[in-house]
Amino acid sequence: MNLPDYSQCVEINQLLIAMGVTQIPLLPEVRFEREIVTRFQREYLDPEDVKIGKKLIDSVIPVTKSDIAGKPGELLEYKGRKVVAYIRDQKAAVNFYYHYSGYKYHLCNCVTLQTMRDIGREHRYLATQRKDGMFEVHDLTVDPIQSGIVKMDLCKNCVEILKQKGIYYNPFNLEDYFSKYDSYTPKTIRKIEEVRKIQTYSPNQDDYSREYRRACNNKCQVCQVDCTEYTGILHLHHIDGNPANNERHNLQILCVDCHSKQPLHGHMLRNPEFKRQINTITQLRIDQGILTV
Ligand SMILES: [Zn+2]
Ligand SMILES: [Zn+2]
Ligand SMILES: [Zn+2]
C-alpha cells in the first residue's frame, strides 16, 4: 500500500516551518515601477502642400478654372496662396535683347482675365510666385520657338483694382506685394505621439501587498493554495511584526490560515471574519487537490 506523500501536506509543512526545520522561501524580487505614457500632438508640414509651394516659387503651374479662386475684382490665389498669372506662350511684343515683353501680368481677377475665361482661353495662363518681376516666356513668332526671361508690367486693370483696395504703390514691386499680402499658412498634418517612460515609485502598503501577491501568482508561500479568486484572504505578513519594515526579507505572502499559525498570531483565530476566511481556504485546498491531514 502506498502512503500519501505527506511532504506535500499543509499541516505537516506548517509544523516543519513552526519548528524551524524548513523555511518559507524568500519572496521574488519586485520592481516598483510604472509606465508613464505622455501623449502630445505634433505637427508636420503637409508634404503635398510644401510641394505646391516650392513649385510655385521655382516654376509655374497651369491655371485652370477651378484653381483660381476669388470673385471678380479679388486678388488671385492658387490653393490659398497669392499668385501672379501670366501668359507664357506669347505671339507678339517679346524682345529678348532688352529682356522685355509688352504682355502684362495679373494679380487680380480683372476684366482681362474674366474675358479670357469667358472665351475659354484661361488655360493659357500660368500661376507663379516668382517675386523678381521676371517671367519665363516663349516667343511663338519665331521658328524654332525661342525662350527666355523677360520683364513685364502689371496689367492696367489690376493696377486700378489695387488702387481701389489701397494697396498700390509706385514703383510696384512683387517682392513687397507677396511679403505683405500673401499671408498663407502652410498646411500641417497633426499626429498624436506617445512617449513611454518607466518610472520607479515609492510603494505604500497596498503596493507591496499587491505586487508581492502577483509575484507569488496569488499563491500562499506555505501551502500553495491559489487565491486568485479571493485575493483578500492572501496576506502580507511582516516577520518581525513591524508593519513599517517592508524589506523583502521581512515579508511573506501567506493565506489567512498559514498566517494565523505564525508566532504571536493566535489572536487571528478569535476574529470571526478570519475564521470565515479560513473555511474558504479549506474549501479552496480541497478544490485544488492540496493534501491535508
Ligand atoms: Zn489684370
Ligand atoms: Zn497557506
Ligand atoms: Zn503577520
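Are His237 and His265 buried or exposed? Select the two histidines: both His237 and His265 are buried (under 20% relative accessible area with a 1.4 Å probe and protein chains only; exposed is over 50%, and partly exposed is in between).

Before we go on, a word about the model. It is predicted, so to speak of local features a pLDDT of at least 70 is needed, side-chain atom pairs count only at pLDDT 80 or more, and totals for chains, interfaces and linings use all residues. Residues are numbered from 1 along each chain as its sequence is written, chains are lettered from A and ligands numbered from 1 in the order in which they are written, and side-chain values use heavy atoms, with hydrogens and water left out.

**Stop 1: the histidine zinc site**

Stay with those histidines and show ligand 3, a zinc ion. His237 (ND1), His259 (NE2) and His265 (NE2) coordinate the zinc ion (ligand 3) at 1.9 to 2.2 Å. Donors here are N, O and S atoms within 2.8 Å of the metal (3.2 Å for Na, K and Ca), and since water is not among the atoms, sites may look incomplete. Along the sequence, the donor residues of this ion follow the spacing H-x21-H-x5-H. His237 sits in strand S14 and His265 in the loop between helix H7 (256–260) and helix H8 (272–287), so the pair ties together parts that are 28 residues apart in sequence. Helices (H or I, at least four residues) and strands (E, at least two) are DSSP runs, numbered from the N terminus.

While you are in that loop, click on Leu264, which also lies between H7 and H8. Its phi is near 65°, a positive value in a residue other than glycine. Leu264 is exposed, with a relative accessible area of 81%.

**Stop 2: the cysteine zinc site**

Now select ligand 2. The protein donors of this zinc ion are Cys220 (SG), Cys223 (SG), Cys255 (SG) and Cys258 (SG), at 2.2 to 2.3 Å. The angles between the four donor atoms are 106 to 117°, which makes the arrangement tetrahedral (four donors count as such if all angles lie between 85 and 135 degrees). The sequence spacing of the donor residues is C-x2-C-x31-C-x2-C. Cys223 is in the loop between H6 and strand S14 (234–238) and Cys255 in strand S15 (residues 251–255), so this pair ties together parts that are 32 residues apart in sequence. Cys223 counts as buried at 5% relative accessibility, and Cys255 does at 0%.

Next, find Cys227. Which cysteine sulfur is nearest to that of Cys227? The nearest is that of Cys255, 6.1 Å away, and Cys227 is in no disulfide. Cys227 is buried, with a relative accessible area of 0%. The structure as a whole holds zero disulfides (pairs of cysteine sulfur atoms within 2.5 Å).

**Stop 3: aromatic rings**

Show the aromatic side chains. Rings of Phe, Tyr and Trp (its six-membered ring) pair if their centres lie within 6.5 Å; planes under 30 degrees apart count as stacked, over 60 as edge-to-face and the rest as tilted. By this rule the count comes to twelve aromatic pairs. Among them are Phe32 and Tyr212, with ring centres 6.1 Å apart and planes at 75°, so the pair is edge-to-face. Phe32 is in the loop between helix H1 (10–18) and strand S1 (33–45), while Tyr212 is in helix H6 (residues 205–215), 180 residues apart. Phe32 and Tyr212 are buried.

Move on to Phe172 and Tyr177, whose ring centres are 6.0 Å apart and whose planes are at 50°, so the pair is tilted. Widen the selection to Tyr168, Tyr169, Phe172, Tyr177, Phe178 and Tyr181, which form one aromatic cluster.

Two charged side chains are worth a click as well. Arg34 lies over the face of Tyr201, 4.1 Å from the ring centre, and Lys191 lies over the face of Tyr44, 4.9 Å from the ring centre. A charge sits over a ring if NZ of Lys or CZ of Arg is within 6 Å of the ring centre and within 35 degrees of the ring normal.

**Stop 4: backbone details**

Select Asn170 and Pro171: a cis peptide bond joins them, with omega about 0°. Pro171 is in the loop between helix H4 (156–164) and helix H5 (174–181). Another cis peptide bond joins Asp143 and Pro144, and Pro144 lies in the loop between strand S11 (134–139) and strand S12 (146–154).

Conventions
Four donors count as tetrahedral if all angles lie between 85 and 135 degrees; four count as square planar and six as octahedral if opposite donors are over 155 degrees apart and all others between 65 and 115; anything else is irregular.
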